[in-house]
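Biologist: Please take a close look at the open sheet of this protein, and at what is packed against it. I would welcome one connected account that starts with the strands and works outward.

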Amino acid sequence: MRMRPTLSWTPTEDPLPGTTSLAPVADALSAGGVLVLSGAGISTESGIPDYRGEGGSLSRHTPMTYQEFTAEARARRRYWARSHLGWRTFGRARPNAGHRAVAAFGRQGLLAGVITQNVDGLHQSAGSEDVVELHGSLERVVCLSCGAFSPRRELARRLEQANAGFEPVAAGINPDGDADLTDEQVGDFQVVPCAGCGGTLKPDVVFFGEAVPPQRVERCRELVRQAASLLVLGSSLTVMSGLRFVRQAAQAGKPVLIVNRDPTRGDRHAVTRVALPLGEALTTVARRLDIPGGLVDGEAAG
């Protein structure tokens with residue numbers, strides 16, 4: 001029987017009480033060397049829902065697994081139909097105050113790096129540099145046969161041509177760019193192959209049930225080793241891909257600070273969990289650190 005990946009967790013001990021005090025976050029940033037680990041929660045204010053928060057997509061949607069995608073042509077048709085429609089909305093998302101604040105912290109030399117579990121590219125759009133995309137990016141497509149990479153916009157053009165008139169109305173959009181469609185709405189959607197070898201195309205993202213590339217994991221571990229502290233932004237830390245870096249930091253005696261409205265799987269390793277909206281919290285911290293308002297507002301970026 002095929003096992004589903006871990007999509008939820010149940011606390012086994014009293015949760016770390018949430019606070020509204022931003023002093024520990026401001027203190028850590030003022031000291032410098034902060035490594036940011038962001039999750040889907042930082043993008044909700046850009047119109048992209050998270051997985052597990054209030055109204056999270058897991059309440060209505062089970063993400064595609066790698067095993068399903070590679071084993072079943074029907075699953076690939078369903079995925080690409082939903083993803084093609086979702087891409088139109090997903091691609092219009094813009095960075096919010098949280099993304100801009102992280103970029104401003106980086107420009108001020110306060111960060112050791114940024115690791116994101118998101119595949120939306122919004123950190124980079126906000127001006128953050130050298131972002132490690134732990135789970136890949138929807139901007140790229142990879143062929144599972146020849147290994148060639150190509151831009152997502154090129155695939156979108158080919159899918160438009162192959163599916164003229166495909167205009168269903170989705171019930172919602174998910175953090176992975178997948179739109180909610182019924183099987184009837186998917187219909188006979190036409191999937192296109194690799195333009196080079198005719199192989200199967202896959203978004204260059206890590207699906208549930210798929211391993212993060214080892215070299216990427218090691219790059220993140222090295223960033224943790226170099227950092228003075230770890231700041232988790234908008235992640236429930238339910239899956240091990242992100243939680244392992246929290247555990248690594250805590251075991252090395254480095255402070256772990258979390259900004260997330262709800263309890264997380266990493267709370268037991270943290271010195272504080274700030275239960276405030278991310279955009280509001282990070283903008284407030286930027287003001288306390290006297291970071292010029294234009295850097296956070298985007299008016300003076302670059």
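Modeller: In this predicted model, six strands make up an open sheet, with parallel pairing and the order E3-E2-E1-E7-E8-E9. Its edges are strand E3 (131-133) and strand E9 (272-274); each has a single partner strand, so one side of each is left without a neighbour in the sheet. On average, and with direction ignored, neighbouring strands are turned by 20 degrees against each other.

Within the sheet, E1 and E2 run parallel and are joined by five bridges. One residue pair places this register exactly: Ser 38 has Thr 116 in E2 as its bridge partner.

Two helices that lie across the sheet may be described next. H1 lies across E1, E2, E7, E8 and E9, and runs at about 125 degrees to E8. Helix H9 (residues 240-251) lies across E1, E7 and E8, at about 150 degrees to E7.

H1 repays a closer reading. Its buried residues are Val 25, Ala 26, Ala 28 and Leu 29. Viewed down the helix axis, these buried residues fall within an arc of 165 degrees, so they line one face of H1. Asp 27 and Ala 31, on the other side of H1, are exposed. Just after the helix, Gly 32 adopts a positive phi of about 80 degrees.

Strands and helices also come together in the largest nonpolar core, which has 30 residues. In soluble globular proteins, nonpolar side chains tend to be buried together. Here, the elements that contribute two or more residues to the core are helices H1 (23-31), H4 (97-107), H10 (278-288) and H11 (293-297), together with strands E1 (34-38), E2 (111-116), E7 (229-233) and E8 (256-259). H10 gives the most, with five residues. Phe 105 and Leu 233 are the residues with the most contacts inside this core.

The surroundings of Leu 233 can be listed in full. Leaving aside its neighbours within four places in sequence, Leu 233 is in contact with Val 36, Leu 37, Ser 38, Gly 39, Ile 42, Val 102, Val 259, Leu 278 and Leu 282. Ser 38 thus appears both in this list and as the bridge partner of Thr 116.

A second, separate core has 29 residues, including Tyr 79, Leu 122, Leu 159 and Phe 189. Two of these, Leu 159 and Phe 189, are also in contact with His 84, as are Arg 152, Ala 156, Glu 160 and Phe 166, when neighbours within four places in sequence are left aside. His 84 lies in helix H3 (residues 73-90). The relative accessibility of His 84 is 2%, and because buried means under 20%, this residue counts as buried.

Other strands pair in the antiparallel sense. Strand E4 (residues 136-143) is mostly covered, with six of its eight residues buried. E4 pairs with strand E6 (residues 201-205) over four bridges, and Val 142 has Lys 202 in E6 as its bridge partner. E4 also pairs with strand E5 (residues 149-151), over three bridges; there, Arg 140 is matched with Pro 151. Five residues separate E4 from E5 in the hairpin that they form, and Gly 147 in its turn has a positive phi of about 80 degrees.

For the protein overall, the secondary structure comes to 11 helices and nine strands, and buried residues make up 53% of the 302 residues.

Notes: Residues numbered from 1 in each chain as written. Predicted model: local features only at pLDDT ≥ 70, side-chain atom pairs only at ≥ 80, totals over all residues. Heavy atoms only, no water. Core = buried A, V, L, I, M, F, W, Y, C linked by side-chain atoms within 4.5 Å. Buried < 20%, exposed > 50% of the residue type's maximum accessible area, 1.4 Å probe, protein only. Contact = heavy atoms within 4.5 Å. Pairing = 2+ DSSP bridges. Axes fitted to C-alpha atoms, helices over the stretch in contact; angles between N-to-C directions. Arc of directions from axis to C-beta.
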